[in-house]
Amino acid sequence: MMDLRRLVVLAAVALLALNPVMTAASPAKSKPAAIPAAPPPPPFEPLPPPNVYLFRGAMGPIFSTGMDRLGEKLTQAGFSADVYEFTLCRFIGNRVIASYKEKAAPIVLIGHSMGGLCSIVISEMAAKESIPISLVIAIDPAHATGDVPLNVERFINIFLSDSVLGGGDVVAVPGFRGHYASYDLKENSRVSHINIEKSDDIHRQIVEMVTQLPRIPPQTQAGAVPLRYLVPADTLVELWDSGVRVPVRRGDTMESIAAANRVPLWTLAQSNSLAENAQLTPGQTIIVPRHLAPPEPAAAMATPPAPPAGRR
């Protein structure tokens, strides 16, 4: 019996002696490896200067002289800007495609009347070659103007819906994800088909937009909301790129949202089919017009300066 007890005690002592070794030998629970942070996106490098192609309407040298003036302003701003007759549309379209394939650069197409129709035709030609069009501006395009194809990144239509010579209310094809803005100026009695392309204020904004294009980083198109406005009479046009949905917070009003985003109240009313004094509910969204790049300080919607006082 004594031998058995002695054996049990010796076994217990041996186990106690081995315990530290066993504990040290057993692997410790390792901490989960930290997931490395995603590397920051590479810095955006500005694109080359855009190539700008302008197209006159019918009897262009007589009725579309504003396109020549706009072309001169773009050239003075340092861009390659050439003005063509719309009758050369497909010939120039082939040249646009060949130039892009030789050296890729943003393409800008601007057309008045039949020239606006031509801008869409060339966009369709480029779409078949998988060539993007950075910006298309149609100025009172012809009624027969086709829909905006998917390869156009930004489209702006400035037109008179009651115009006989123009009046093209151009829409985009189904599935279009680019930036779209349409401005109907029929309420402005001072604007007609033969002077709509001569506006110095619109020219200034177009030059600014073309200047900004190479500096605008790639943006998701999913959040772009199309804009369609019937511009009130005697209102200066501000060329927004598209709309964006803004959530309503407690205490927000139509007027406060317009002021915070520096846009006219009428734009919110039209974009959202609401009265200017409509009651808003926290959580709903409001469509607000936007620029992809901030406009220059001299905004088009600013009140025109008062005439100088007469000398005494």
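Is Asp200 buried, partly exposed or exposed, and what is its relative accessible area? Asp200 is partly exposed, at a relative accessible area of 47%. The legends below describe close-up views of a predicted model.

**View 1. Salt bridge between Arg69 and Asp200.** The side chains of Arg69 and Asp200 form a salt bridge with an N to O distance of 2.8 Å. This pair connects distant parts of the chain, since Arg69 belongs to helix α3 and Asp200 to helix α6, with their positions 131 residues apart. Arg69 has a relative accessibility of 31% and therefore counts as partly exposed. Its partner Asp200 is also assigned to the partly exposed class, at 47%.

**View 2. Packing of helices α3 and α6.** Two packed helices are described by the angle between their axes and the distance between the axes. For helix α3 (residues 65–76) and helix α6 (residues 200–212), the axes come within 10 Å and cross at roughly 40 degrees. The two helices are therefore oblique to each other, as the angle lies neither under 35 degrees nor in the range 65 to 115. The crossing of α3 and α6 is right-handed.

**View 3. Salt bridge within helix α6, between Arg204 and Glu208.** The side chains of Arg204 and Glu208 meet at 3.0 Å, N to O, in a salt bridge. Both residues lie in helix α6 and are 4 residues apart, about one turn of the helix. Arg204 is partly exposed, with a relative accessible area of 26%. Glu208, in contrast, counts as buried because its relative accessibility of 18% is under the 20% limit. Elsewhere, Arg56, Asp68 and Glu85 are joined into one network by salt bridges that share partners. The structure holds 12 salt bridges.

**View 4. Salt bridge between Asp169 and Arg228.** An N to O distance of 2.7 Å defines the salt bridge between the side chains of Asp169 and Arg228. This pair, too, links distant parts of the chain: Asp169 is in the loop between β5 (154–159) and β6 (179–184), while Arg228 is in strand β7 (residues 227–230), 59 residues apart. Asp169 is partly exposed, with a relative accessible area of 38%. Arg228 is likewise partly exposed, at 42%.

**View 5. Packing of helices α4 and α5.** Helix α4 (residues 89–102) packs against helix α5 (residues 114–128) at an angle of about 45 degrees. The axes of the two helices are 9 Å apart. Helices α4 and α5 are therefore oblique to each other, and their crossing is right-handed.

**View 6. Nonpolar surface patch that includes Phe63.** Met59, Ile62, Phe63, Val164, Leu165 and Ile194 make a nonpolar surface patch of about 630 Å². Among these residues, Phe63 is placed in helix α2 (residues 60–63). Phe63 counts as partly exposed because its relative accessibility is 35%, which is neither under 20% nor over 50%.

**View 7. Positive phi at Asp234.** Most residues other than glycine have a negative phi. Asp234 is a residue other than glycine with a positive phi, near 60 degrees. The residue is in the loop between β7 and β8 (242–247). At 55% relative accessibility, Asp234 counts as exposed, since the limit for that class is over 50%.

**View 8. The loop between α8 and β9, with Ser273 and Glu276.** Ser273 lies in the loop between α8 and β9. The phi of Ser273 is near 55 degrees, again a positive value in a residue other than glycine. Ser273 counts as exposed, with a relative accessibility of 70%. Glu276 is located in this loop as well, between α8 (265–272) and β9 (285–290). In Glu276 the relative accessible area is 41%, and the residue is therefore partly exposed. The C-alpha atoms of Glu276 and Leu265 are separated by 6.6 Å, and the two residues are 11 residues apart along the chain.

Terms used. Residues are numbered from 1 along each chain as its sequence is written. This is a predicted model: local features need pLDDT of at least 70, side-chain atom pairs count only at pLDDT 80 or more; totals for chains, interfaces and linings use all residues. Side-chain values use heavy atoms; hydrogens and water are left out. Patches are made of residues with over 30% relative accessible area and no salt bridge: like charges are joined within 9 Å, nonpolar side chains (Val, Leu, Ile, Met, Phe, Trp, Tyr) within 5 Å. Accessible areas come from the Shrake-Rupley method with a 1.4 Å probe; for residues, only the protein chains shown count as cover. A salt bridge is a side-chain nitrogen of Lys or Arg within 4 Å of a carboxyl oxygen of Asp or Glu. Buried means under 20% relative accessible area, exposed over 50%, partly exposed in between (1.4 Å probe, protein chains only). Axes are lines fitted to C-alpha atoms, for helices over the stretch in contact, and angles run from 0 to 180 degrees between N-to-C directions. Angles under 35 degrees count as roughly parallel, over 145 as roughly antiparallel, 65 to 115 as roughly perpendicular and the rest as oblique. A crossing is left-handed if the near helix is turned anticlockwise from the far one by less than a right angle, and right-handed if clockwise.
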